[in-house]
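Hi everyone, thanks for making time for this. Please have a look at the sequence and the structure, and then we'll walk through them together.

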Amino acid sequence: QVQVVASGGGLVQAGGSLRLSCAASGRTFSSYGMGWHRRSPGTAREFVAGISGSGGDTYSADSVKGRFTISRDNAKNTVYLQMNSLKPEDTAVYSCAQASGFYARPWETYNYWGQGTQVTVSS
């Protein structure tokens with residue numbers, strides 16, 4: 001079965017950086033898009049960034065463009081989210097998910113989810 005495991009969250013001051021990692025197993029990693037989403041208390045889950053199976057296409061929410069970068073290493077079955085210039089409003093539980101197909105656009109179906117990892121940005 002497919003397993004998705006995220007790691008790398010933590011507490012950081014505003015303006016700082018964090019890198020999240022997400023490893024997936026169970027099916028051919030490079031055939032599937034991967035995405036990061038987040039949810040803060042009292043809000044709906046928000047798409048943050050996605051990357052296609054080959055890594056050639058990436059998508060980012062307007063709220064993180066220019067600050068967050070998604071990448072993947074298919075040899076390691078891992079996707080990364082590099083988060084720079086963090087703001088208190090980035091505080092959320094970040095979840096990694098594998099898409100149902102090659103692309104990872106915001107409207108794709110993500111059918112395998114990992115556990116969330118908490119990111120807290122202090123002001």
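Let's start with one residue: in which strand is His37 found? His37 sits in strand S4, which covers residues 34–39. Before I go further, please keep in mind that this is a predicted model.

Now, is His37 buried or exposed? His37 has a relative accessible area of 6%, and buried means under 20%, so His37 is buried. And what does His37 touch, if we don't count residues up to four places away in sequence? The list is Arg45, Glu46, Phe47, Val48, Val93, Tyr94, Ser95, Tyr110 and Trp113. Hold on to some of those names, please, as we'll meet them again.

Glu46 is one of those contacts of His37, and that brings us to charges. As background, side chains of opposite charge can pair when their charged atoms come close. How many salt bridges does the structure have? The count comes to 5. In one of them, Glu46 pairs with Arg38, with the closest N and O atoms 2.8 Å apart. The two partners can be looked up by accessibility as well: Glu46 is partly exposed, with a relative accessible area of 29%, whereas Arg38 is buried at 7%.

Another salt bridge joins Arg67 and Asp90, at 2.7 Å from N to O. Where do these two sit in the chain? Arg67 is in the loop between strand S6 (58–60) and strand S7 (68–73), while Asp90 is in the loop between strand S8 (78–83) and strand S9 (92–99). They are 23 residues apart in sequence, so this pair ties those parts together. Both Arg67 and Asp90 are buried. And here is a nice link back: Arg38, Glu46, Arg67 and Asp90 are connected in a network of salt bridges.

There is also a salt bridge between Lys65 and Asp62, where the closest N and O atoms are 3.2 Å apart. Here Asp62 has 66% relative accessibility, so Asp62 counts as exposed.

Let's move on to the nonpolar residues. In soluble globular proteins, nonpolar side chains tend to be buried together. Which members of the largest nonpolar core touch the most other members? Out of its 27 residues, the answer is Trp36, Leu81, Met83 and Tyr94. Several strands each supply at least two residues of this core, among them strand S1 (3–7), strand S5 (46–51) and strand S11 (117–122). The largest share comes from S3, with 4 residues. Then there is a second, separate core of 6 residues, including Ala97, Ala99, Ala104 and Tyr110. You may remember Tyr110 from the contacts of His37.

Next come the cysteines. A disulfide is a covalent bond between the sulfur atoms of two cysteines. How many disulfides does a search of the whole structure find? It finds 1, and this disulfide joins Cys22 to Cys96, with the sulfur atoms 2.0 Å apart. Cys22 is in strand S3 and Cys96 is in strand S9, so we are looking at a link between distant parts of the chain, 74 residues apart. The angle about the S-S bond is -85°, and the link is left-handed. Both cysteines, Cys22 and Cys96, are buried.

What about the aromatic rings? The structure holds 2 aromatic pairs. In one of them, the rings of Phe102 and Tyr103 have centres 5.1 Å apart and planes at 85°, so the pair is edge-to-face. Phe102 is partly exposed at 33% relative accessible area, and Tyr103 is partly exposed too, at 35%.

Rings can also have a charged partner here. Arg45 lies over the face of Trp113, at 4.0 Å from the ring centre. Both Arg45 and Trp113 were among the contacts of His37. In another case, Arg72 lies over the face of Phe29, at 4.3 Å from the ring centre.

One last stop: is Leu11 buried or exposed? Its relative accessibility is 65%, so Leu11 counts as exposed. Leu11 belongs to strand S2, residues 10–13. Leaving aside neighbours within four places in sequence, Leu11 is in contact with Thr120 and Ser122. The C-alpha atoms of Leu11 and Asn74 are separated by 28 Å, and these two residues are 63 apart along the chain.

That's my tour, so thank you for listening!

How values were computed: Residues numbered from 1 in each chain as written. Predicted model: local features only at pLDDT ≥ 70, side-chain atom pairs only at ≥ 80, totals over all residues. Heavy atoms only, no water. Salt bridge = Lys/Arg side-chain N within 4 Å of Asp/Glu carboxyl O. Buried < 20%, exposed > 50% of the residue type's maximum accessible area, 1.4 Å probe, protein only. Contact = heavy atoms within 4.5 Å. Core = buried A, V, L, I, M, F, W, Y, C linked by side-chain atoms within 4.5 Å. Disulfide = S-S within 2.5 Å. Phe/Tyr/Trp six-rings, centres within 6.5 Å; stacked < 30°, edge-to-face > 60°. Lys NZ or Arg CZ within 6 Å of the ring centre and 35° of its normal.
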